[in-house]
Amino acid sequence: MPVPKKSSPSCFNDYRPVALTPILMKCFERLVMQRIKTVLPPSLDPFQFAYRPNRSTDEAISTALHSALTHLDKKDSYVRMLFIDFSSAFNTIIPQQLTQKLVQLGLNTSLCNWLLDFLTGRPQVVRVGSNTSSTILLC
């Protein structure tokens, strides 16, 4: 059931999806996530700020500005910056590629296969008011 991100939504991207997941499943997901985090390298990328504890948007901006200004202190230098919004990136995850990358990072193959099974073939519908979309299967 989508929830508006802003007070007057004007397009589909202005809505946030809400998954109605049972409490027992949420607890299980948290256990699996903790297991995955213990196996993965602690810092995959020092410039990743999203979905990491004690990292914020403010810190990301400060780090980017500091890096750019430090570089500009050098004679005849310039900086190019590219900012990309990945806010909807999780809507387009390909489970097979995700699990392949997790295996490469050292995650147990059995756990990766379980994740692949968990993420594929899941039915999804969207309901707005009394209207419900047709069921789609996530690949």
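## A walk through the model, starting at helix α3

Select residues 95-104, which make up helix α3; in this stretch P95, T99 and L102 are buried. Now look straight down the axis of α3: the buried residues fall within an arc of 60°, so they line one face of the helix. There's a simple reason to expect that kind of pattern. An α-helix has 3.6 residues a turn, so residues three or four places apart point the same way. Keep in mind as you go that this is a predicted model.

Next, spin α3 around. Which exposed residues does the face turned away from the buried side carry? Colour Q100, K101 and Q104, and you have them. Then turn back to the buried side and show α4, which is part of what covers the buried residues of α3. Before you leave this helix, click on G106, which follows α3 and has a positive phi, near 105°.

**Into the core**

One of the buried residues of α3, L102, also leads to the next stop. Select V32, I36, L40, L102, L107, L111, C112 and L115: these 8 residues form the largest nonpolar core. Two elements, α1 (23-39) and α4 (109-119), each give two or more residues to this core. Of these, α4 gives the most, with 3 residues. In soluble globular proteins, nonpolar side chains tend to be buried together.

Zoom in on L111. Leaving aside residues up to four places away in sequence, what does L111 touch? Show V32, R35 and I36, and you'll see its partners.

**Two cysteines**

Stay in the core and pick C112. Buried or exposed? Its relative accessible area is 1%, under the 20% cut-off, so C112 is buried. Now jump to C27 for a contrast: its relative accessibility is 45%, which lies between 20% and 50%, so C27 counts as partly exposed. Don't go hunting for disulfides, by the way, as the structure holds 0 of them.

**A charged pair**

Select R55 and E59 together. They form a salt bridge, and the closest N and O atoms are 3.5 Å apart. Side chains of opposite charge can pair when their charged atoms come close. The count for the structure comes to 1 salt bridge. How exposed are the two partners? E59 has 30% relative accessibility and counts as partly exposed; R55, at 24%, also counts as partly exposed.

**An unusual loop residue**

Where is D76 found? Follow the chain into the loop between α2 (57-72) and α3, and there it is. D76 has a positive phi of about 55°, although D76 is not a glycine. That's worth a pause: most residues other than glycine have a negative phi. Switch on the surface and you'll find D76 exposed, with a relative accessible area of 73%.

**Zoom out**

Finally, show the whole chain as a cartoon. How many helices and strands are there? The secondary structure comes to 4 helices and 6 strands. Trace the chain along the sequence and you'll meet them in the pattern β-β-α-α-α-α-β-β-β-β.

Now colour by accessibility: of the 139 residues of the chain, 10% count as buried. The chain exposes about 11800 Å², and carbon and sulfur atoms supply 60% of that area. For one last look, think about contacts between residues at least 6 apart in sequence: 28% of these join residues at least 24 apart.

Note on methods:
Residues are numbered from 1 along each chain as its sequence is written. This is a predicted model: local features need pLDDT of at least 70, side-chain atom pairs count only at pLDDT 80 or more; totals for chains, interfaces and linings use all residues. Side-chain values use heavy atoms; hydrogens and water are left out. A nonpolar core is a set of buried Ala, Val, Leu, Ile, Met, Phe, Trp, Tyr and Cys residues joined through side-chain atoms within 4.5 Å. Buried means under 20% relative accessible area, exposed over 50%, partly exposed in between (1.4 Å probe, protein chains only). Contact means heavy atoms within 4.5 Å. A disulfide is a pair of cysteine sulfur atoms within 2.5 Å. The arc is that of the directions from the helix axis to the C-beta atoms. Accessible areas come from the Shrake-Rupley method with a 1.4 Å probe; for residues, only the protein chains shown count as cover. A salt bridge is a side-chain nitrogen of Lys or Arg within 4 Å of a carboxyl oxygen of Asp or Glu.
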